[in-house]
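Subject: Structure for you to look at

Dear colleague,

I am passing on the structure below, and after it you will find an account of what came out of going through it. Please keep it open while you read.

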Amino acid sequence: MTSSKIVIAGGFGVGKTTLVGSVSEITPLTTEAIMTSASASVDDLAGVPGKSTTTVAMDFGRITIDQDLILYLFGTPGQTRFWFMWDELVRGAIGAIVLVDTRRLADCFAAVDFFEHRGLPYLVAVNCFDGVQLHQLEDVREALAVGAQVPVIPCDARSRESTKQVLITLVEYVLKMRRGAVAPSR
């Protein structure tokens, strides 16, 4: 039995907590806090109407992929003021998922840069809110300026099967990189 750590990152309100919760076989640990008026000047809610909570530390879940592999999932907080925790959250991770909301694409640039600068394999998962993929995946790749070797795939963070496929794709990508079949992203 092997266990591995996966980090899920992306902008504020992109669906990281939802993704971890949709696939975790244990009750996920979340650090959701009610948003108060104190955060009104720092959290831009324009793209996420109705959002009333936010992750203030991390989300944690676990999934057994098969009899030989357990994945531990760590979701990062999305707001800039919590980014200081990212270095600790990625320690020991084999790879990362950058979850993207194409309506607010710029919110994920920091996550892409973070993983590229650390040489951590990652993929881009385009969260299809309401089941709608707004843009072609190659257009998203181009807009994010990620290399052709980085997987860019659609997902529905609410769907266990969709999220499982994202995790499997990431693990396969990491294994290919470790075998030298794929050049690192940089």
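Please bear in mind that this is a predicted model. A good place to begin is the pair formed by strand E6 (residues 93-100) and strand E7 (residues 122-127), which run parallel and are joined by 5 bridges; one position to look up there is Val 100, whose bridge partner in E7 is Val 126.

These two strands belong to an open sheet of 6 strands, in which the order is E4-E5-E1-E6-E7-E8 and the pairing is mixed. Because strand E4 (59-66) and strand E8 (152-155) each have a single partner strand, they stand at the edges, and one side of each is left without a neighbour in the sheet. From one strand to the next, the twist averages 30°.

Two helices are worth following against this sheet. Helix H4 (residues 137-144) lies across E6, E7 and E8, and runs at about 125° to E8, while helix H5 (residues 160-178) packs on the sheet with contacts to strand E1 (2-10), E4, strand E5 (69-75), E6, E7 and E8, its direction making about 135° with that of E6.

Within H4 you will find Arg 141, which has a relative accessibility of 11% and therefore counts as buried, the cut-off being under 20%. A polar atom of the Arg 141 side chain lies 2.7 Å from the backbone oxygen of Val 150, and, if neighbours within four places in sequence are left aside, Arg 141 is in contact with Val 146, Gly 147, Ala 148, Val 150, Pro 151 and Val 152.

Another arginine, Arg 160, has its place in helix H5 and is partly exposed, with a relative accessible area of 34%. Not counting residues up to four places away in sequence, Arg 160 touches Ser 22, Val 23, Ser 24 and Ile 63; its C-alpha atom is separated by 9.2 Å from that of Val 20, although the two residues are 140 residues apart along the chain.

That leads to the meeting of helix H1 (residues 16-23) with H5, whose axes come within 8 Å and cross at roughly 100°, so that the two helices are roughly perpendicular to each other. On the H1 side the residues involved are Leu 19, Ser 22 and Val 23, and in H5 they meet Arg 160, Thr 163, Lys 164 and Leu 167; sorted by class, this contact has 3 nonpolar, 2 polar and 2 charged residues.

With best wishes

Methods:
Residues numbered from 1 in each chain as written. Predicted model: local features only at pLDDT ≥ 70, side-chain atom pairs only at ≥ 80, totals over all residues. Heavy atoms only, no water. Pairing = 2+ DSSP bridges. Helix = DSSP H or I, 4+ residues; strand = E, 2+ residues; numbered from the N terminus. Axes fitted to C-alpha atoms, helices over the stretch in contact; angles between N-to-C directions. Contact = heavy atoms within 4.5 Å. Buried < 20%, exposed > 50% of the residue type's maximum accessible area, 1.4 Å probe, protein only. Polar contact = N/O pair within 3.5 Å; in protein donor to acceptor, adjacent residues only side chain to side chain. Parallel < 35°, antiparallel > 145°, perpendicular 65-115°, else oblique. Nonpolar A, V, L, I, M, F, W, Y, C, P; charged D, E, K, R; others polar.
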